Structure formats: structure tokens, C-alpha cells
Amino acid sequence: MSLTRRYSLSRRQFLASASALPILSAAPLRAAAPLQVVATTGMIADAALAIGGTSVAVRGLMGPGVDPHSYRQTRSDIVAMTRANLVLVHGLYLEAQMEDFFEDLRRRRNVVAVAEEIPRAELRAHATYQDKFDPHVWMDPALWTGPVSVVQRALSAAMPEAAEEIAVNAERYIATLRRLDAYAREVLLTVPEPERVLLTAHDAFGYFGRAYGFEVVGIQGISTESEAGLNRIRDLVRLLVDRRIGAVFVESSVSDRNMRALVEGAAAAGHQVRIGGELFSDAMGVPGTYEGTYPGMIDHNITIIAAALGGKVPPRGMAGLLKGSS
Ligand SMILES: [Zn+2]
């Protein structure tokens, strides 16, 4: 478990080479030592690495399949964060179990919460807590350009001498996010309107649904902390049967136990539901693969969702790099 919990990205891995070497930092091409950056989620680490380029060594704390809502810092995470030049966290209470640690770290280290600067009016309300917001903003690539710009500013401030290179890299990365957004609009529009329902393990896809006109239903709430009760499962089985929903989706960072119960419940009521595929909700895929990058993660999700719900998609996604349709 501890092996999959921590990983580091290298520039080479970001460029989606087939190499799976466990390189711990980007090989610096310049003489100066690279800026030591720690990022909590893979999505933030991906942006920091792509934008910082050869000037940064990025360590991402949460690897594939890791649930940020319940993740607690390990001893080596603490060492890495207290030694880093810059610590990039998500904020919006995503890393709920690490909040106290961040508060303490802020007194000693440069900690930037990249999603906290999104204007409140652009955030979705939290279903349960009145004073909190849905933190899953990376699910809308257009909205994610905001936090990515915060990463750019934080890196430029820490390395003014590399600001020009950072600006060029950020522009390229943001252009990819815009392409993802355009691709999503194009292929998701081919899903027949009654099929535009996304049923997943927990409520991570609210921003996705808002951006692309999908109704989103999570078995669990916005956090994975609450357990779904039997009543909830029964209500959702009824929804599947009544609406004749053909496919539901499992998530890489949440157990699929509830989803299997739903599929069985619907089958018992005479309605066949397929598992449409596995989506990356709160963590990216395996480092060193396309799905292990933010663009690959989102390309995968969009392509799987559109294909499973009756839309038309290119066989290997937006960039032709996905492993293949499931
Ligand atoms: Zn989540």
C-alpha cells in the first residue's frame, strides 16, 4: 500500500514515454538546483511539473487510487513538506484529514491552496455543509485553468529568473485544457439527451455535469466519508429502472461494492445495467502512462462516459493516446 501511496513525476514521465522508471525528480538540464515542490494531489503535481519544466522537482503525495478525502500525511510526506521550497495543496476542504497539519506548516513554509482563489460564485455549494463548497473543480477543465494559473504564479514568484519559461509552459498547458473542454462539448453532445445521466460512486462529477449538461448522481455524497445506506441504494435502483439508465460507472479511488449492489438490484427488478467503465475521479492513473497525467485522466473520463452512454467517440480519445475502449 505504501508503495502506491507516494510517487513522483518526472518530466520524462509527463511526456508519456513508455519508461516506468521510478525517477524521483526531474533531471535538471540547467545548472541551478531545481525548486523542490510538493503537491498533494496528482492533478496539481501534473500542472506543477508541466509548467515548472526543468526548473522543478515535483513530488506528488497521493498516487493512483488514493482517496484525498481520507488521506493522512505519512512520516515521509511530513519530511518532504517541511523541506520543500513550495507546497501546493488543493484546499476547499478536499484534504480534510490534513487541514490541521497545513495550518501548522503555513507558519514555516510557503503553502499555496490552488483552488481557494476561485471566485465563490463559480463554486458549487456543498450538499451537506452550508459554509463549504464542492472541491472537485478539476472535473471541469475550463474551471481548472484558474487553479493552474495559481500554480504558474506561485512558481514564478519562487523563481523569477525562470518566469519566461514558466509563462510559455503555462500557456501550452492551458491550451490543452481548452482543447479538452472543446473535445468534451463535441463528444458529449452525441450522447442522446435522455441518456445524459452519470451515476457514480461518490459525488465527484458535479462540475462535470454543470459544464456539459449531465445529471449527476453519486451513491455517496461529496466526501467519501459517509456510508451509503440501504435506503439510498433502494432509491437509486428505482431511479435506474424507472429511467431505463443503461450504464453506471465505478471510480478508481472508491470501492465498487455499492455499485455492484446497484447493478444486482436493478437486475432483480428486470433491468440490465452495465458497468460503463472505471472513471478517474479523485486520483489519476498509473504514473508513466497517458492516463497518469491530468489531460489523459480527463480524456479517459470524457471518452468512456460518452461511449458507454451511446455517444460517438474517436477510438482512442481526443489525442489518440488512450489504451483502448472498454
Ligand atoms: Zn471526491
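**Exercise 1.** Is tyrosine 93 buried, partly exposed or exposed? Work it out, and describe the place of tyrosine 93 in the chain.

*Solution.* The model used in these exercises is predicted.
Step 1. Count the neighbours: tyrosine 93 has 19 other C-beta atoms within 10 Å.
Step 2. Apply the cut-offs: a buried residue needs 20 or more such atoms, and an exposed residue has 12 or fewer. Tyrosine 93 is therefore partly exposed.
Step 3. Place the residue: tyrosine 93 sits in the loop that links strand S4 (86-89) and helix H5 (99-105).
Step 4. Check the backbone: the phi of tyrosine 93 is near 65°, which is positive although the residue is not glycine.

**Exercise 2.** Carry out the same analysis for arginine 244.

*Solution.*
Step 1. Arginine 244 has 11 C-beta neighbours inside 10 Å, so it counts as exposed.
Step 2. Its position is the loop between H9 and strand S8 (247-251).
Step 3. Arginine 244 is a residue other than glycine with a positive phi, near 55°.

**Exercise 3.** Which residues does glutamate 225 contact, apart from its neighbours within four places in sequence?

*Solution.*
Step 1. Find glutamate 225 in the loop from strand S7 (215-220) to helix H9 (230-243).
Step 2. Judge its exposure: 13 other C-beta atoms lie within 10 Å of glutamate 225, so it is partly exposed.
Step 3. List the contacts: with the neighbours within four places set aside, these are His69 and Ser70.
Step 4. Compare sequence and space for another pair: glutamate 225 and histidine 202 are separated by 23 residues in sequence and by 9.9 Å from C-alpha to C-alpha.

**Exercise 4.** How is strand S3 (residues 56-60) enclosed, and how is S3 joined to strand S2?

*Solution.*
Step 1. Count the buried residues of S3: 5 of the 5 are buried, so the strand is largely enclosed by the rest of the structure.
Step 2. Look at the directions: Val56, Val58 and Gly60 point one way, Ala57 and Arg59 point the other way, and all are buried.
Step 3. Find the pairing: strand S2 (residues 35-39) runs parallel to S3 and is joined to it by 5 bridges. In this pairing, alanine 39 is opposite glycine 60.
Step 4. Follow the chain from S2 to S3: it passes through helix H3 (residues 42-52), in a right-handed β-α-β crossover.

**Exercise 5.** Where does the largest nonpolar core lie with respect to the domains, and why?

*Solution.*
Step 1. Describe the core: it has 92 residues, and Val37, Ala47, Ala48, Leu88 and Val151 touch the most other members.
Step 2. Locate the core: domain 1 (2-184) and domain 2 (191-308) both contribute residues, so the core lies between them.
Step 3. Take one member in detail: setting aside residues up to four places away in sequence, alanine 47 touches Val148, Val151, Tyr173 and Tyr294.
Step 4. Recall the general tendency: in soluble globular proteins, nonpolar side chains tend to be buried together.

**Exercise 6.** How far does helix H11 (residues 294-308) reach, and how many of its residues are buried?

*Solution.*
Step 1. H11 has 15 residues and spans 21 Å from its first C-alpha to its last, close to the 21 Å expected at 1.5 Å a residue.
Step 2. The helix is mostly covered, as 15 of its 15 residues are buried.
Step 3. Just after H11 comes glycine 310, with a positive phi of about 90°.

How values were computed
Residues are numbered from 1 along each chain as its sequence is written. This is a predicted model: local features need pLDDT of at least 70, side-chain atom pairs count only at pLDDT 80 or more; totals for chains, interfaces and linings use all residues. A nonpolar core is a set of buried Ala, Val, Leu, Ile, Met, Phe, Trp, Tyr and Cys residues joined through C-beta atoms within 7 Å. Domain bounds come from an automatic or database domain assignment. Two residues are in contact if their C-beta atoms, placed from the backbone, lie within 7 Å. Helices (H or I, at least four residues) and strands (E, at least two) are DSSP runs, numbered from the N terminus. Two strands pair if DSSP finds at least two bridges between them. A crossover is right-handed if, with the strands pointing away from the viewer, the path from the first strand over the helix to the second runs clockwise. The expected span of a helix is 1.5 Å times one less than its number of residues.
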